[in-house]
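User: I would like to learn how to read pockets, cavities and strand pairing in a model. Can we work through one case?

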Amino acid sequence: MMTKLERLEKIDPQLIRIPCGDGNILVSNTLQGRIMAEIKGTLIHRFEADLAENPDPENFNNLGGNSLWPAPEGGDFAFNYPPKGDWYVQEGINKLQNCVIEEGKGFLVIGKEFSLLNRSGNTMQVTLRRRIEGAESGDFGVSALRYRTFETLTLAEPCPLDKGVISAWSLEQLPGAAGITGFGKCANGAEKGINTDFYGDPLKRMSFKGEWFRFDLGGPNRLQIGISSAAAPEFIGSFDPSRGVAVLRWTPARKDGKYINFADNDQKNGPFSAADQFSIFNGSEELDFHELETLAPMTLDADGSVTGSELESETLILMGENARIIEILTGKFQVPGEFFC
């Protein structure tokens, strides 16, 4: 039986590899510019090979990997709701392939151009770029891979804020939910920095210790949290003991832009009623995957109109013995030890 990595290689013969740490960063332009990682032959990201081999031509094909999206998902300026329509994913995100813009030793730039219609009926012409580069993973005594992305959504014309907003939104999608621990650190205090204005009550599955929060994934219902930029979040992560895999993500705070509410809800208080820098999505037993998400503020011109969004993210993947990974998380990164008991 073929592994998921072998099936990915078969589905996309033009799969691009960037050697990095103890594995490779894999970039598939055939699959809408998704990024995946493999360490010693093991595919780390969620990858729905059956769906990739037999995609639904009418609907969104959620294949996994690391993908770049335009936010917001909901509200008056939503990109996932057309005027007077139900949830969907627009053609430029769902089906349009990327092309290689630049390639060099240890890095790759891909991109595409497309139009986006928001819920208010306004259309934006967008240029998307993803620069993907390997980074030194460090010596942790386990298998490791670290990579960075520099991603931009640039508007052809500035858009007044009463017509639309846009934010670059990176979703790192990973398999599993039950038994997985999500966590993060907020310098200004974790408990006050958690945004629960999505669906369900994630606080029932959370605990806090000063700067730190723990989010027990799984359970019967999908849940999501945002982590406000005002809380000075430093990083988020997840630990999956069933696979011996920990994933950590960073994105620096930016003071030269404006964060928005990206949530999939009505956003009754408007697009600036939240300002999240990170998010964790718990797919629960229903979907059996989770996401570690980074978000960027908008860039604005001198008139206060949005010109696009720029997102810098970094991902570290650790794979090995559970005891050693816990030692790294609690020692090197100072995550509270009781989070893994």
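User: Which residues lie nearest the centre of the largest pocket, and how many residues line it?

Analyst: This is a predicted model. Start with the general idea. Rolling a probe the size of a water molecule over the atoms shows where empty space is left. Here, 21 residues line the largest pocket. Nearest its centre lie Asn62, Glu73, Trp87, Phe281 and Glu291. The space in the largest pocket comes to about 460 Å³.

User: Which strands each supply at least two residues of that lining?

Analyst: They are S5, strand S10 (167–175) and strand S19 (289–295).

User: How do the lining residues of the largest pocket divide by character?

Analyst: Nine are nonpolar, six are polar and six are charged.

User: Now the enclosed spaces. How many cavities of 30 Å³ or more are there?

Analyst: A cavity is a space where the probe fits but cannot get out. The count is three cavities of 30 Å³ or more. The largest cavity has a volume of about 120 Å³. Its lining holds 14 residues. Gln32, Ser67, Leu68, Trp69 and Ile93 are the ones nearest the centre of the largest cavity.

User: Which elements give two or more residues to the lining of the largest cavity?

Analyst: Strand S5 (65–71), helix H3 (91–94) and strand S8 (123–135) do. S5 gives the most, with three residues. By character, the lining of the largest cavity has six nonpolar, five polar and three charged residues.

User: Next, a helix. Which residues of helix H1 are buried?

Analyst: Buried means under 20% relative accessible area. In H1 (residues 4–11), Leu5, Arg7 and Leu8 are buried. Look down the axis of H1: the buried residues fall within an arc of 160°, so they line one face of the helix.

User: What do the buried residues of H1 pack against?

Analyst: Their partners are strand S2 (23–28), strand S3 (34–39), strand S4 (42–43) and helix H2 (49–53).

User: Last, strand pairing. In what sense do S6 and S7 pair, and over how many bridges?

Analyst: Check the direction, then the bridges. Strand S6 (residues 99–104) and strand S7 (residues 107–117) are antiparallel, paired over five bridges. For one position, take glutamate 102: it stands opposite valine 109 in S7.

User: What links S6 and S7 in the hairpin?

Analyst: Two residues lie between S6 and S7. In that turn, glycine 106 has a positive phi of about 80°.

Notes: Residues are numbered from 1 along each chain as its sequence is written. This is a predicted model: local features need pLDDT of at least 70, side-chain atom pairs count only at pLDDT 80 or more; totals for chains, interfaces and linings use all residues. Side-chain values use heavy atoms; hydrogens and water are left out. Two strands pair if DSSP finds at least two bridges between them. Helices (H or I, at least four residues) and strands (E, at least two) are DSSP runs, numbered from the N terminus. On a 1 Å grid over the protein atoms alone, a cavity is a set of points where a 1.4 Å probe fits but cannot get out, and a pocket is an open set with protein on both sides within 12 Å along at least five of seven lines; lining residues have an atom within 4 Å of a point. Grid points are joined across faces, edges and corners, and a volume is the space filled by probe spheres set on the points. Ala, Val, Leu, Ile, Met, Phe, Trp, Tyr, Cys and Pro count as nonpolar, Asp, Glu, Lys and Arg as charged, and the others, Gly among them, as polar. Buried means under 20% relative accessible area, exposed over 50%, partly exposed in between (1.4 Å probe, protein chains only). The arc is that of the directions from the helix axis to the C-beta atoms. Contact means heavy atoms within 4.5 Å.
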